[in-house]
Amino acid sequence: MDRRTFLTSPAFAAAVTLSNAALAGVANAAAASVRPGPIDFKANLPAPGGFPDKWICGSPSAMDNTDPPVHVHWYNAHTAILRQNKAYSYEAPFAPLYFGNDRVLLLDEGFVQLRNDWDLRGVVDGCIDDWCRRNNRDPASLELLVAFSHLHADHYAATNQFADRPNTRYMGLTQEEMLGFWGMTNFPEQRVSLDLGGREILIWGSPGHVISEFAHYDTYTQILFTGDMFYRGRCYISFWQPWFDSMKRLIEFCDTHPVTHVMGCHVEISKDGQDYAYGVTYQPDEAPVQMTVQQLRDAFEQAKTITKPGIYFTGTVFLCNQTRGTTTIDKYPYRYD
């Protein structure tokens, strides 16, 4: 039998099929032997972690800034926190990045649109690649969810950077789309659960700063993320009664769930309680972003005594009840008409 006849014979075809099947079996077995098991996000809680002693907080001259546009801090091995450099935007929002076995949640963004201004998507992809290297995972196997605490541009402006990213879902920019993203049917009271693959995020409505706003609780770190409705700085309260009701829900949640830290989206205050002027791009002595449950309780107790528009300092935050959001805290507390 010549070589051409042999290669076309049924016996050779069968041998090749068996050989390929055997090689595939060996490859699958080898992959299974090195593929890690799922990470346990439910044991030994809360997962320990830490905040930096100092965040990137702008420069005396924004034109002479030498820091990167975003500070990436790994709170622990499975949780990153991004903070935009104030030299790039005075808003300098914080954005947690939560990793699960199946998906990753980016909660809020930086105040940027174009990737050639600064590449938030590249930073997020770099964090995902880093996590996958450390955990022997394929980045393509993780779905990225891009969501927002509320609908102000410094929290969603970079959404277009992710529009063509594979294996990505991102929240829409209307309240209806936000509710649909979380599967909520009874806003703001309903509490829903997002499963990232063994790691649960609890979400419920938290209006007051604006109407379309949410609180988030990570069951792994037990950090309560309160967005713009409660943070270290000027808590601009557009709608007092919805905000007060949202605070009550936060307190009731803390009464029944362990909370390691309360964390908002911004820092606009110094360590000694001094307000940084609106629009400033350098905060050399800023307070830490993390707060305690007791500080939340103290603010709520003071809120119970507030009966008219104005600015009230709780020792932790400024409660700006129906005062214009574009003014410095210590001057011109105009009331909404």
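1. In this predicted model, the buried residues of helix H5 pack against five named strands, which are S4 (103–107), S5 (143–147), S7 (191–195), S8 (200–205) and S9 (214–218). The helix itself spans residues 175–182, and its buried residues are Met-178, Leu-179 and Trp-182. Viewed down the axis of H5, these buried residues fall within an arc of 95 degrees, so they line one face of the helix.

2. What does H5 carry on the face turned away from its buried side? That face holds the exposed residues Glu-176 and Gly-180, so a reader can tell the two faces apart by burial, given that buried means under 20% relative accessible area and exposed means over 50%. Just after the helix comes Gly-183, whose phi is positive, near 75 degrees.

3. Strand S9, one of the strands against which the buried residues of H5 pack, deserves a paragraph of its own. Of its 5 residues, 5 are buried, so the strand is largely enclosed by the rest of the structure. Phe-214, His-216 and Asp-218 point one way from S9, while Ala-215 and Tyr-217 point the other way. In a regular strand the side chains alternate between the two faces of the sheet.

4. Which strands pair with S9, and in which sense? S8 and S9 pair in the antiparallel sense over 5 bridges, and Ala-215 in S9 is the bridge partner of Trp-204. S9 is also joined to strand S10 (residues 223–227) by 2 bridges, and these two strands run antiparallel as well; here Tyr-217 stands opposite Leu-224 in S10. S9 and S10 form a hairpin with 4 residues between them, and Gln-222 in the turn has a positive phi of about 65 degrees.

5. Strand S11 (residues 234–237) can be read in a similar way, with Arg-234 and Tyr-236 pointing one way and Cys-235 and Ile-237 the other way, and with all of them buried. Its pairing with strand S15 (residues 318–321) is parallel and is made by 4 bridges, and Tyr-236 stands opposite Cys-320 in S15.

6. Where does Pro-309 lie? Pro-309 is found in the loop between helix H7 (293–303) and strand S14 (310–313). With a relative accessible area of 24%, Pro-309 counts as partly exposed, because the buried class covers values under 20% and the exposed class values over 50%. Pro-309 and Thr-323 are 14 residues apart in sequence, and their C-alpha atoms are 6.8 Å apart in space.

7. A search for enclosed space finds 1 cavity of 30 Å³ or more in the structure, and the largest cavity has a volume of about 40 Å³. Among the residues that line the largest cavity are Val-70, Leu-82, Arg-83, Gln-84, Trp-118 and Leu-120. Strand S2 (residues 79–84) gives the most to this lining, with 3 residues.

8. For the chain as a whole, the model contains 7 helices and 15 strands, and 52% of the 337 residues count as buried. Among contacts between residues at least 6 apart in sequence, 63% join residues at least 24 apart. The chain exposes about 15,400 Å², and carbon and sulfur atoms supply 53% of that area.

Definitions and conventions
Residues numbered from 1 in each chain as written. Predicted model: local features only at pLDDT ≥ 70, side-chain atom pairs only at ≥ 80, totals over all residues. Heavy atoms only, no water. Buried < 20%, exposed > 50% of the residue type's maximum accessible area, 1.4 Å probe, protein only. Pairing = 2+ DSSP bridges. Arc of directions from axis to C-beta. Contact = heavy atoms within 4.5 Å. Areas by Shrake-Rupley, 256 points an atom, 1.4 Å probe, with all protein chains shown as cover. 1 Å grid on protein atoms, 1.4 Å probe; cavity = no way out; pocket = protein on both sides within 12 Å on 5 of 7 lines; lining within 4 Å. Points joined across faces, edges and corners; volume = space filled by probe spheres on them.
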